[in-house]
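Please open the structure in your viewer and keep the selection panel at hand; the tour below moves from one selection to the next.

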Amino acid sequence: RGRLKKKCAELEVECSPPKTTSRLLDKLVEHFIESQIVNPAFITCHPAIMSPLAKYHRHDPELTERFELFVCGRELCNAYTELNNPVVQRERFTRQISDITAGDDEAMEHDEDFCVALEYGLPPTAGWGMGIDRLTMFLTDSAQIKEVLLFPQMKPLNQEETDKRIAVAQGQIKR
């Protein structure tokens with residue numbers, strides 16, 4: 001994370017706190033890759049740290065089998081092969097807890113029920129999402145998804161709610 005912080009500072013790429021590894025990587029990708037895409041293009045093989053639900057790449061476990069479709073600097077589609085290994089999924093959820101504790105509201109909470117379901121067996125599964133919200137953003141030239149969402153109130157508004165979310169996430173870790 002230290003090298004990423006230094007590189008962002010050196011390249012004048014802004015990243016608001018918390019400066020977690022996944023957020024720093026995301027800001028660099030956003031600045032140097034996503035914003036430069038005009039014609040339809042796919043970004044593939046995301047780092048595993050940025051894709052906690054995606055299956056690790058068959059040739060490199062540090063990457064995932066994931067892609068995103070971008071057009072005119074905007075993400076239109078996100079797709080990945082589902083991770084179906086409960087041991088690896090628990091490890092990834094556990095790593096996300098430190099990001100939640102640091103205040104990252106995009107980090108995944110630990111979902112033990114999901115991990116137990118994986119233990120029963122999930123066949124190879126994949127999916128893609130191209131929500132009407134992203135398509136509406138693209139067609140209306142909206143800068144943020146909350147400009148087109150019908151229910152933007154779903155996000156916690158205060159520190160008390162955020163603290164509660166962190167406590168719940170930490171309490172769900174079972175060893």
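Select helix 3, where helices are DSSP runs of H or I with at least four residues, strands are runs of E with at least two, and both are numbered from the N terminus; this helix has 16 residues and reaches 23 Å from its first C-alpha to its last, close to the 22 Å expected at 1.5 Å a residue, the expected span being 1.5 Å times one less than the number of residues. The model is predicted, so local features need pLDDT of at least 70 and side-chain atom pairs count only at pLDDT 80 or more, while totals for chains, interfaces and linings use all residues. Residues are numbered from 1 along each chain as its sequence is written, and side-chain values use heavy atoms, leaving out hydrogens and water.

At the start of helix 3, show Asn85, a side-chain oxygen of which reaches to within 3.0 Å of the backbone nitrogen of Val87. Just after the helix, Gly103 takes a positive phi of about 105°.

Next, colour helix 3 by accessibility (buried is under 20% relative accessible area, exposed over 50%, partly exposed in between, with a 1.4 Å probe and protein chains only): the buried residues include Val88, Arg92, Gln96 and Ile100.

Now select the aromatic rings, which pair if the centres of Phe, Tyr or Trp (its six-membered ring) lie within 6.5 Å, with planes under 30 degrees apart counted as stacked, over 60 as edge-to-face and the rest as tilted; the count comes to 2 aromatic pairs. Phe42 and Phe67 form an edge-to-face pair, 5.2 Å centre to centre with 80° between the planes. Phe42 lies in strand 1 and Phe67 in strand 2, so this pair ties together parts that are 25 residues apart in sequence.

Notes:
Polar contact = N/O pair within 3.5 Å; in protein donor to acceptor, adjacent residues only side chain to side chain.
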